[in-house]
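This report walks through one protein chain, from its general make-up to a few of its residues. Please keep the sequence and the structure in view while reading.

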Amino acid sequence: RLDECADQELCNAAWAFAVFDHVPRSELFGAHFGARCEALSARFSRSGLCQLHQWRIWAAERALHEGMPSPRLLERCHSAFEDGSATASSLQRAVGDGLAALGLRVEEEVQLSSGYSLDFVVDWRGQRLGVEVDGPSHFVGEAPSGRTMLKRRQLRSLGWRVAPVPYLEWNGLAQAGSPTPSPDLEVARQQQPQQQQRLLELPGL
């Protein structure tokens, strides 16, 4: 029952439906849901607001419009989601260096109107492609976490083609060693270091 949900429980429940991409048969996300969000809005943490923002993106994908909170609360959710400060890890910097070494024009930490950000955006054959560096926090064991899967799916639904670079694969290539790269991109697939070879094999490149 929504009336019995505390603030974080409400956010967790909405976010879980978004992660699993499950549209409930009942009127769970009807007007009563929006009203409950408004009643608890003063208690929402930044994390909860971010979860509701991702739920909102999912609800729009699924044409669930009846249970939307007020525009004011939705704006708070968007602002909280967009406000996350990102610090590039050594892994991300290494991937960025590899992309630049391929002769690509690289944009880093690109903020999108949806509130999401992409680690890198590169221009390739007239297309803008996103590259996401997935470090250890993006996984549960060796499987992508729910948060990672949701971001990938929502970016695709927003029209982005995104290539992930998992840390386990990148680190494994670093340990294997590789020959000296060639400045000639036409023969790069044969002579680039293995990590740069991996970048050339990203979807869309």
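Two residues are said to be in contact when heavy atoms of theirs lie within 4.5 Å. With that meaning, and leaving aside neighbours within four places in sequence, Lys151 is in contact with Tyr116, Ser117 and Glu132. The model discussed here is a predicted one.

## The chain as a whole

The chain contains nine helices and six strands, and of its 205 residues, 45% are buried. When contacts with a separation of 6 or more are considered, 64% of them are accounted for by residues that are 24 or more positions apart.

## A buried pair: Glu132 and Lys151

Is Lys151 buried or exposed? Lys151 belongs to helix α6, which covers residues 146–157, and its relative accessible area is 18%, so it counts as buried, the cut-off being under 20%. Side chains of opposite charge can pair when their charged atoms come close. In this model the side chains of Lys151 and Glu132 form a salt bridge, with 2.8 Å from N to O. Because Glu132 lies in strand β3 and Lys151 in helix α6, the pair ties together parts that are 19 residues apart in sequence. Both partners, Glu132 as well as Lys151, are buried.

## A network of charged side chains

A search of the whole structure finds six salt bridges, and some of them can be followed from one residue to the next. The side chain of Glu107 meets that of Arg105 in a salt bridge of 3.7 Å from N to O, and the side chain of Glu107 also meets that of Arg128, here with 2.6 Å from N to O. Glu107 is placed in strand β1 (residues 106–111) and Arg128 in strand β3 (residues 127–134), so this pair ties together parts that are 21 residues apart in sequence.

Glu107 is partly exposed, with a relative accessible area of 24%, and Arg128 is likewise partly exposed, with a relative accessible area of 39%. Returning to the salt bridge between Glu132 and Lys151, one can set beside it a network in which salt bridges that share partners join Arg105, Glu107, Asp123 and Arg128.

## A buried arginine without a salt bridge

Which side chain of opposite charge is nearest to Arg36? Arg36 sits in helix α2, residues 31–40, where it is buried yet has no salt bridge; the nearest side chain of opposite charge is that of Asp3, 5.0 Å away. A salt bridge would need a side-chain nitrogen within 4 Å of a carboxyl oxygen, and therefore this pair is not counted as one.

Arg36 does have a polar partner in the backbone, since a polar atom of its side chain lies 2.8 Å from the backbone oxygen of Cys5. Not counting residues up to four places away in sequence, Arg36 touches Leu2, Asp3, Cys5 and Leu10.

## How helix α1 meets two other helices

Two packed helices are described by the angle between their axes and the distance between the axes. Helix α1 (residues 7–20) and helix α3 (residues 46–61) have axes that come within 8 Å and cross at roughly 35°, and this crossing is left-handed. On the α1 side the residues that meet α3 include Gln8, Trp15 and Phe17, while those on the α3 side include Gly48, Leu52 and Trp58.

The axes of α1 and α6 come within 9 Å and cross at roughly 60°, and here too the crossing is left-handed. This contact is made by Trp15, Ala18 and Val19 of α1 together with Gly146, Arg147, Leu150 and Arg153 of α6.

## Details of the backbone and of one loop

Asp21, in the loop between α1 and α2, has a positive phi of about 50° although it is not a glycine, and at 25% relative accessibility it counts as partly exposed. Glu109, which is found in strand β1, also has a positive phi of about 50° without being a glycine, and its relative accessible area of 28% makes it partly exposed.

Ser89 lies in the loop between α4 (71–82) and α5 (90–101) and is partly exposed, with a relative accessible area of 35%. A polar atom of the Ser89 side chain lies 3.1 Å from the backbone nitrogen of Gln92. The C-alpha atoms of Ser89 and Val133 are separated by 9.4 Å, although the two residues are 44 residues apart along the chain.

Definitions and conventions. Residues numbered from 1 in each chain as written. Predicted model: local features only at pLDDT ≥ 70, side-chain atom pairs only at ≥ 80, totals over all residues. Heavy atoms only, no water. Helix = DSSP H or I, 4+ residues; strand = E, 2+ residues; numbered from the N terminus. Buried < 20%, exposed > 50% of the residue type's maximum accessible area, 1.4 Å probe, protein only. Lys, Arg positive; Asp, Glu negative; His and termini not counted. Polar contact = N/O pair within 3.5 Å; in protein donor to acceptor, adjacent residues only side chain to side chain. Axes fitted to C-alpha atoms, helices over the stretch in contact; angles between N-to-C directions. Left-handed = near helix turned anticlockwise from the far one by under 90°.
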